[in-house]
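Reader: I am new to this structure and would like to go through it with you, one question at a time. Please show it to me before we begin.

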Amino acid sequence: MELNDIIKGCLSNDRDCQKALYERYAASMLGVCRRYARHGLEADDMLQDGFITLFRNMDQYHGTGSFEAWMRRIIINTCLKHIRKFSFQKENIGIEETEITKVEPEVLSQLSEEALLEMIDQLPVGYKNVFNLYAIEGYNHQEISKMLGIREGTSRSQLVKARKMLQKFIGNALNAFI
């Protein structure tokens, strides 16, 4: 079934079309949710809530631009709403001074994507959210500040701290290889 036909069916609340849309995009959107969730069950809840929101707001998609990008934004906003609802972003964890060492690209290639995602998942929630929104989703600090209800300076600061913490994690992981 073509995407346009599925979208039209979803606008008519056709359950078969909703199921087809879910089956087509659930895996990739679950990957988005996992970047914001603390564990798998929370990611599943975020995905479920995101698709409910998506189906309720299908009439707001006007066919301009990528449907997947529009859907991704809804999923991300649902994840952020979930985080705000449970107030996990209020963590206050500092980061000690770390010495940053230069790492050769060949050495970095030894780390798997899964290992890097696990490192990102170990970040405090506020750092993780800003890092995901900026480095992975491509939002700027002004957009992030509005989405998370924080100042732009806070967004920038949390990104710097997240990067430093990730550099430390990567350094520790690479030392294990050596």
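Reader: Is R38 buried, partly exposed or exposed?

Author: This is a predicted model, in which local features need pLDDT of at least 70 and side-chain atom pairs count only at pLDDT 80 or more, while totals for chains, interfaces and linings use all residues. Residues are numbered from 1 along each chain as its sequence is written, and side-chain values use heavy atoms, with hydrogens and water left out. Buried means under 20% relative accessible area, exposed over 50% and partly exposed in between, with a 1.4 Å probe and protein chains only. R38 has a relative accessible area of 40%, so R38 is partly exposed.

Reader: Which residue does R38 meet in a salt bridge?

Author: A salt bridge is a side-chain nitrogen of Lys or Arg within 4 Å of a carboxyl oxygen of Asp or Glu. The partner is buried, with a relative accessible area of 4%. At 3.6 Å from N to O, the side chain that R38 meets is that of E42.

Reader: Which helices do the buried residues of α3 pack against?

Author: Helices are DSSP runs of H or I with at least four residues, numbered from the N terminus. The buried residues of α3 include E42, M46, F51 and L54. The helices against which the buried residues of α3 pack are α1 (3–11), α2 (15–36) and α4 (67–86).

Reader: How far apart are the end C-alpha atoms of helix α3?

Author: The expected span of a helix is 1.5 Å times one less than its number of residues. For the 17 residues of α3 (residues 40–56) the span should be 24 Å, and this agrees with the distance between the end C-alpha atoms, which is 24 Å.

Reader: Is E137 buried or exposed?

Author: E137 is placed in the loop between α7 (125–136) and α8 (141–148). Leaving aside neighbours within four places in sequence, E137 is in contact (heavy atoms within 4.5 Å) with residues including V32, Y36 and I76. Because its relative accessibility is 17%, E137 counts as buried.

Reader: How far apart in sequence are E152 and R156, which form a salt bridge?

Author: The closest N and O atoms of E152 and R156 are 3.4 Å apart. E152 counts as partly exposed at 33% relative accessibility, and R156 is partly exposed with a relative accessible area of 43%. Both lie in helix α9, where about one helical turn separates them, because they are apart by 4 residues.

Conventions: Helices (H or I, at least four residues) and strands (E, at least two) are DSSP runs, numbered from the N terminus.
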